[in-house]
Structure formats: C-alpha cells, structure tokens
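Take a moment to look over the model before reading on. The paragraphs below go through it part by part.

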Amino acid sequence: WAPGDGDAAGDEKWAPGDGDGDGAGSDWRPGIGGAGLGFGDEIRACAVCVEEGADFLDGEGCTVSAAAHDVAALAHRTLHGKSAPGDGKSAPGDASTAFAAARDALDLFRALRDPENSSNTSAPPSPAAVCVYRNDCRYLAARWRGSTHHLGAGAGRSDGPTRRLVSLSLAAVPVLHASGDAAVLAMLARAKADVFSSLDDANGFRDLGEDGASREALNAVRRARHAMGRACGAVSRLLPRRLGARLARELLAAYAEKVTADALALSDVSVDESDSLRGILAEAFDPRGLLVALPGTLAGGGGRAAADAEASALVDGLEGDAWMKGSHLPSMLDARLTDLAEWWDSGRLPALGFDVAEVAGFVRANFEASENRAAVLERLGER
C-alpha cells in the first residue's frame, strides 16, 4: 500500500502519488465529509479501501480528522526525504535522521491530541473527540506501516541498517493503537459513571409520592439518558460500525440493568407512586429521543426519525433481557393481578426474562394483601 501524500487543503477528492515517480498510491482517495461533521476538525473522512491495506477501517468506514491526515502526509514525505509536497529534491540527512524525525511527528501528535492528556484541557473531552482520536491513531498506524514498507522495498534498499530502521519504526504501531483504545475505554468509563451518578439521584425510585420526588426522579433519568446518548451516538456514528455498535450496546445494557433492578427492588408502591413510576419507566426505556438528530447528509437521511431509527436498531441488537424487562414494566404496573397471572402461565413474562422471584416481588410491592394476591402468589409457587 503506497498512500498519497495528501498535501492539498483537505477537500481534495484525489490524492497524488507519493512522489517516487512510478505512480504508486494514485488509487488512494480521501473522501469528503463523515459522520463527525460539526464535532471538531474532522470535516474530512478518508475513505481508504481495505484492499489497499487500510485495515484500520476493520472493513468499514469511519471518521478521521484533518490533522491526522496531514501528519500522515508529513511523516510520509519525511521518510522519503521530500522537503515539500511535489518537490523532487531530497531533504538533507541520512535514513536514520529521517526515521527519527518522522517518528517524532507521530509522538508529537499523540502528545498534543491525546484526550487523556490532562494538560490539554481542563474539561473532559467530548465522546466524539475521543472517538475521532481513536480513529486517527488507527489511521496513522496504517499509513505509517505503508510508508515504512514502501521506503524499504520501493527504493530498493534491503541492507541490514535499513531493515533495522524499518523494524524499529513499526514499534510506533502498537503505541498508537494502545493510545487510541485507552482513550475510548476511559471515555466510556466516564460516561458510565455519569449515567450511574444521575440514576443515583432518582433514589432508587423510592418515595415517589413525596413532594417533588417524582419530578426529581424523572429529571435524573433524563440526565442519565442524555449522558448515555452522547456516548452511544459518538461511538456508533464515528467508530467503525461493528465496534461502535458493540460499545454502545454495552453502555445501554448497563443502564437498563441498573434501572430495571432499582424498579424491581421496590418493596411497597402506592397507587400514586405506581402512576409516577409508570411514566418514568416509559420514558427511561423509550429509544425515541435517545440519540441527537443530525443533519440529513450525516445520518443517512437525517432528522429526528433517522436518529430514532438508529437508537431502535441499537436496542434491538442488545444481548440480555434487561431492556426488554424494563420496557415491559409500565404495562405490568397498569395490569391487574389476573393479567399478571395469565402472562406468567402463558410464558409471556418468562420469555421477557422475568423469573419467579421478580414477578412475586412485583406482586407483593404493587398489590395489597388479599385472597386474590395470595392465590396469584400460590400459582407462582411463592406464597
């Protein structure tokens, strides 16, 4: 793979060859746009084909920043001894100096752009910025491999010192990978902490009948959904599709498990509290409004409907049953005792993931002691 040097202003549809005279790399074409438009300077997404060796894409597209594209081009020119794009003259210095200078460019990029570098900013980086940085690291690693391979093979130098320099230069690849991956993991950990901190403000949905408690619990759920939506939207839209969907679903599942567990842990729910809880849970598990709506050119059609469809697809692909259970709780809160008994006998509730202890606890919490309740608990085997 011989990438172009990408030395235009950034909106080029075609990147020239690396300047070695044989036209190699002329098939490499950066694209325009990308899902990250508006999040930062990642206004250019580099659409490199897997067949050309860009395995950083994992077979899929993703958003890469203009800065990473420019650094990759600079490193490539430095390795090949070019002082400027299109300049056929060689820059002074031997191969070792060129390797060191090019590697310094990668290290400087990490030092200045790594969102986990606390000296870069006083506020936590946005989820979108972190995701683009991860893509940048993968992109730089892929371009670096291509550039060093071309230097060793294309120029016809296979002597020991050159091979040693190429081998040493590849040590930059795992460093870049690790930096990008660590940034994403740290961002997701912060997002999960924010989600759980917000849910803690709901007080486990207890005492919703008290003055202002219902509103506070609803606002806590909304804050949790906002934090979760920012992170899920960033990873699902900016990272390679399969990776982004998996990471988003892990966060969604953790949120669903927390909310569902808190709701099922309630031991005594009054009629008024039941009405409030039903509305809170209905909103908590509604995929609509979870992801921010993006303009049409960035979200496959754009608008609120497209964003809601994205969220629904993520929810539909969740493993486990926490979200299904949580989304069915409002119906259970609106059901009669006989309905719950029938749903259990018919297998509807077990199919959603509810076990005997959960259903029996729900019955005890939401229905006063009576012969009918005792009969239902007996049918459940939990009298």
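Start with one helix. In α9, the buried residues are A306, A307, D308, A311, L314 and V315. An α-helix has 3.6 residues a turn, so residues three or four places apart point the same way. What lies over the buried residues of α9? The cover includes α6 (213-238), α7 (241-264) and α10 (322-333). The helix itself runs over residues 303-316, 14 residues in total. From first C-alpha to last, α9 reaches 20 Å, close to the 20 Å expected at 1.5 Å a residue.

Now step back to the whole chain. This is a predicted model. Its secondary structure consists of 14 helices and 0 strands. Read from the N terminus, each element in turn is an α. The chain has 383 residues, and 50% of them count as buried. The protein chain exposes about 17500 Å². Carbon and sulfur atoms supply 52% of that area. How much of the contact network spans long stretches of sequence? Among contacts between residues at least 6 apart in sequence, 66% join residues at least 24 apart.

Helix α13 comes next. It covers residues 356-366. Its buried residues are E358, V359, A360, F362, V363, A365 and N366. They pack against α7, α8 (271-284), α10, α11 (337-345), α12 (348-352) and α14 (371-380). Both α7 and α10 are thus named for α13, and they are also among the cover of α9. Look also at the N-terminal end of α13, where D355 acts as a cap. A side-chain oxygen of D355 lies 3.3 Å from the backbone nitrogen of A357.

Next, the core. The largest nonpolar core has 98 residues. Which members touch the most others? They are F205, Y255 and L281. Follow F205 further. It sits in the loop between α5 and α6. F205 counts as buried because its relative accessibility is 4%, and buried means under 20%. Leaving aside residues up to four places away in sequence, F205 touches A217, V221, V259, D262, A263, L266, L277, I280 and L281. L281, itself named among the best-connected core members, is thus one of the contacts of F205.

The backbone at F205 deserves a look too. Most residues other than glycine have a negative phi. F205 is not a glycine, yet its phi is positive, at about 65°. D207 also has a positive phi, about 55°, and is not a glycine either. D207 is found in the loop between α5 and α6. Is D207 buried, exposed or partly exposed? It is partly exposed, because its relative accessible area of 39% falls between the 20% and 50% limits.

Two residues show how the chain brings distant parts of the sequence together. A183 is in helix α5 (residues 172-200). It is buried, with a relative accessible area of 0%. Its partners, not counting residues up to four places away in sequence, are D114, P115, E116, V130 and Y133. A183 and N117 are 66 residues apart along the chain, and their C-alpha atoms are separated by 9.5 Å. R241, in helix α7, is exposed, with a relative accessible area of 54%. From R241 to C62 is 179 residues in sequence, but 7.8 Å from C-alpha to C-alpha.

Finally, the cysteines. How many disulfides are there? The count comes to 0. C137 is buried, at 0% relative accessibility. C232 is buried as well, at 1%.

Technical notes: Residues numbered from 1 in each chain as written. Predicted model: local features only at pLDDT ≥ 70, side-chain atom pairs only at ≥ 80, totals over all residues. Heavy atoms only, no water. Helix = DSSP H or I, 4+ residues; strand = E, 2+ residues; numbered from the N terminus. Expected span 1.5 Å × (residues − 1). Buried < 20%, exposed > 50% of the residue type's maximum accessible area, 1.4 Å probe, protein only. Contact = heavy atoms within 4.5 Å. Polar contact = N/O pair within 3.5 Å; in protein donor to acceptor, adjacent residues only side chain to side chain. Core = buried A, V, L, I, M, F, W, Y, C linked by side-chain atoms within 4.5 Å. Areas by Shrake-Rupley, 256 points an atom, 1.4 Å probe, with all protein chains shown as cover. Disulfide = S-S within 2.5 Å.
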